[in-house]
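Thanks for making time for this at the group meeting. I would like to walk through one model, and I will begin with a pair of side chains before moving outward.

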Amino acid sequence: MRHTRLLLPIGLLLGVIVVYPQGNSAALPNVVAAQSRREAQPSKRVQTIEFESKLAAKLLPYNVVLPVDYHQPSAKAKRYPVLYLLHGLTGHYDNWTTKTKLADYAAQYSMIIVTPEGNNGWYTDSATAPADKYETYIVEELIPDVERRYRANATRAGRAIAGLSMGGYGALKFGVKHPEKFAFVASLSGALGAASWTQSDLRGLDAIRQSLLLIFGDDDSATRRANDLHKLYGELTPERVAALPYVYLDCGTEDRLLATNRSFVDVLVARKIPHEYRQLPGIHNWQYWDAQVQDVLRIAAQKLRSM
């Protein structure tokens, strides 16, 4: 199956918002008390876990951003929802906590945020490198480890997964392949056509081409077919559509991934999959993601539940 090419020209559709169906528009508090702000210093709330993956046979650390009240005596019995936030190609687990104001933005929400290490693995079990099991690692090792270490709501209603670029692709893939795990999935500037981009599509983009060949194999590989987002969502039965997590995605109007995102939204609309899609002025950079992660946090807070 071929989809919109990565390098198609992009029109400037500034300010266009497409929403199906209407989500919960109830506003959440925008301020926290002065005492909470003092307790919300990132240095006290961001932790690094040096996790040794048995599946991947390598160190895959992750950062954790804790809620401001996590260590308060009044919250000892509370279990918090968890948002898993994935990085992009050439990135690492600490990108979200060093390149954005994630810890500050999260201070007003009662949730745990986890930023895993995905290297350049496309959050997929590799077709060519048996130890690179970046999909299975997230599901079978990372989530259980987080739920052992922290007071997490270990139910579907307490989990969300989101990401940027490569991580956006990964998040939406976890949503359709493991819908029993997540109540909400989100993509920022997602590389949503990754599994279908051929070597011809990626001419001149050698770093991306090499990473895709390593993970997905040749253009006609079974791994590509099994991880093609357009195919996975496009072939869902009505019963499986009903079991999906809620989907959010956005893309900058000057981002060359805009065409890929719009073609994926066409699939969501055709299959009547509940989602929110936004096109906003911006390019493929941290300024855009620093702004848009705030919307992801806001919607995740609406969709997830504490215990």
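Arg148 and Asp145 both belong to helix 5, residues 134-149, and because they are three residues apart there, about one helical turn separates them. Their side chains meet in a salt bridge, with a distance of 3.6 Å from N to O. I should say at once that this is a predicted model, and that the distances I quote are computed from it. What I find worth noting in this pair is the setting of the two partners: Arg148 is exposed, at a relative accessible area of 62%, whereas Asp145, at 5%, counts as buried.

A second pair in helix 12 can be described in similar terms. Arg298 and Asp295 lie three residues apart in that helix, about one turn, and their side chains form a salt bridge with N and O 3.4 Å apart. Here Arg298 is partly exposed, with 22% relative accessibility, while Asp295 has 19%. Since buried means under 20% relative accessible area and partly exposed begins above that, Asp295 falls in the buried class and Arg298 does not. This pair also belongs to a network, in which salt bridges with shared partners join Glu276, Arg278, Asp295 and Arg298.

The third pair I would show is Lys231 with Glu235, whose closest N and O atoms are 3.4 Å apart in a salt bridge. Lys231 is partly exposed at 27%, and Glu235 is partly exposed as well, at 48%. For the model as a whole, the count of salt bridges comes to 11.

Let me turn to the strands, and to strand 7 in particular. Why can strand 7, residues 112-116, be called largely enclosed by the rest of the structure? The reason is that five of its five residues are buried. The burial involves both faces, with Ile112, Val114 and Pro116 on one side and Ile113 and Thr115 on the other. As for its partners, strand 7 pairs with strand 5, residues 62-65, in the antiparallel sense over four bridges, and with strand 6, residues 82-86, in the parallel sense over three bridges. Ile113 takes part in both pairings: Val65 has Ile113 as its bridge partner, and Leu83 stands opposite Ile113.

Next comes the largest pocket, which holds about 390 Å³ of space. Which elements give two or more residues to its lining? They are helix 3 (95-99), helix 7 (206-216) and helix 12 (286-303), and helix 12 is also where the Arg298 and Asp295 pair lies. The lining consists of 22 residues, and those that lie nearest the centre of the pocket are Leu89, Thr90, Ser165, His284 and Trp289. By class, the lining residues divide into 13 nonpolar, six polar and three charged.

I will finish with Ala157, which sits in the loop between helix 5 and strand 8 (159-164). Ala157 is partly exposed, at 33% relative accessibility. Leaving aside residues up to four places away in sequence, Ala157 touches Ala183, Lys303, Leu304 and Arg305. Ala157 and Ser306 are 149 residues apart in sequence, yet their C-alpha atoms are 8.3 Å apart in space.

Notes:
Residues numbered from 1 in each chain as written. Predicted model: local features only at pLDDT ≥ 70, side-chain atom pairs only at ≥ 80, totals over all residues. Heavy atoms only, no water. 1 Å grid on protein atoms, 1.4 Å probe; cavity = no way out; pocket = protein on both sides within 12 Å on 5 of 7 lines; lining within 4 Å. Points joined across faces, edges and corners; volume = space filled by probe spheres on them. Nonpolar A, V, L, I, M, F, W, Y, C, P; charged D, E, K, R; others polar. Buried < 20%, exposed > 50% of the residue type's maximum accessible area, 1.4 Å probe, protein only. Pairing = 2+ DSSP bridges. Salt bridge = Lys/Arg side-chain N within 4 Å of Asp/Glu carboxyl O. Contact = heavy atoms within 4.5 Å.
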